[in-house]
Amino acid sequence: FRDPADGRAWIFFTGSLPQARSLYNGVIGAAVAHAGDGTRIGNAGFDLQPAIVSADGLCNELERPHMLVHAGRYYLFWSSQKSVFAPDGPQGPTALYGMVGDGVTGPFTPLNGTGLVLTNPAQEPRQAYCWQVLDTQEDSFAVVSFIDHWGLAGRDTAADAALDRAQFGGTLAPVQRIAIEGAQTRLIGPGLLP
């Protein structure tokens, strides 16, 4: 991600919080193009920064973090799966989640009050995964994902290896479109890539 405010390049990654209070301790880490301070990451020319989002005690995976800027605000998105939420805390579906802030490192506010942006239908909770919001520079944003396990109709792939193989999609899912206004998002519907 290149910050339009100063042109600096950032890398976002998922990790686990050191000295966490819980086994459910996912974080979104960040590194910024080297400017001579911070913890250098090898010879890559980036300085490690403090985690910008921590889900300690809530969730163990904040996968595929990515950011875009819209209307002067910074939108951070990630994917997570239902199975990685702490059993004794708030539960979330397999979904695209996001937050909004005034800069690359926040502070961030959960989109839609909970962070939930886009999920699968209740009757097919695993049909898509790995969402990414594309910065299409339009009034709405294309969201791409891949087909995970489709057409399960309540069947459990963990109990049936043949079903797991037969119902795995492993290819691009239909593109969706969302609108973003402040800290609110809404599904517009299917759309084409620009």
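Q: Is Ala153 buried or exposed?
A: Ala153 is exposed, with a relative accessible area of 62%. Exposed means over 50% relative accessible area, buried under 20% and partly exposed in between, using a 1.4 Å probe and protein chains only.

Q: Where is Ala153 found?
A: Ala153 is found in the loop between S11 and helix H1 (161-166). Helices (H or I, at least four residues) and strands (E, at least two) are DSSP runs, numbered from the N terminus.

Q: What should a reader know about the model and its numbering?
A: This is a predicted model, in which local features need pLDDT of at least 70 and side-chain atom pairs count only at pLDDT 80 or more, while totals for chains, interfaces and linings use all residues. Residues are numbered from 1 along each chain as its sequence is written, and side-chain values use heavy atoms, with hydrogens and water left out.

Q: What is the phi of Ala153?
A: Phi of Ala153 is near 50°, a positive value in a residue other than glycine. Most residues other than glycine have a negative phi, and most peptide bonds are trans.

Q: And what about Gln19?
A: Gln19 has a positive phi near 50° and is not a glycine. Gln19 sits in the loop between S1 and S2, and at 79% relative accessibility Gln19 counts as exposed.

Q: Which residues does the cis peptide bond join?
A: The cis bond joins Gly106 and Pro107, with omega about 5°. Pro107 lies in the loop between S7 and strand S8 (108-110).

Q: On to the interior: which residues of the largest nonpolar core touch the most other members?
A: They are Phe12, Ile28, Ile52, Val53 and Leu76, in a core of 21 residues. The elements giving two or more residues to this core are strand S1 (10-16), strand S2 (26-33), S4, strand S6 (73-80) and S7. A nonpolar core is a set of buried Ala, Val, Leu, Ile, Met, Phe, Trp, Tyr and Cys residues joined through side-chain atoms within 4.5 Å.

Q: What is Leu76 in contact with?
A: Leaving aside neighbours within four places in sequence, the contacts of Leu76 include Ile28, Ile52, Val53, Tyr97 and Phe108. Contact means heavy atoms within 4.5 Å. Apart from the largest core lies another core, of 16 residues, among them Val117, Leu118, Tyr129 and Val133.

Q: How many aromatic pairs are there?
A: The count comes to eight aromatic pairs. Rings of Phe, Tyr and Trp (its six-membered ring) pair if their centres lie within 6.5 Å; planes under 30 degrees apart count as stacked, over 60 as edge-to-face and the rest as tilted. Trp10 and Phe12 form a stacked pair, 6.4 Å centre to centre with 10° between the planes. Trp10 is buried at 11% relative accessible area, and Phe12 is buried at 12%.

Q: What about Tyr129 and Phe146?
A: Tyr129 and Phe146 form an edge-to-face pair, 6.3 Å centre to centre with 85° between the planes. The pair links distant parts of the chain, with Tyr129 in strand S10 (residues 128-133) and Phe146 in strand S11 (residues 140-147), 17 residues apart. Tyr129 counts as buried at 4% relative accessibility, whereas Phe146 counts as partly exposed at 23%.

Q: Which residues do ring pairs link into a cluster?
A: Phe1, Trp10, Phe12 and Tyr74 are linked into a cluster by ring pairs.
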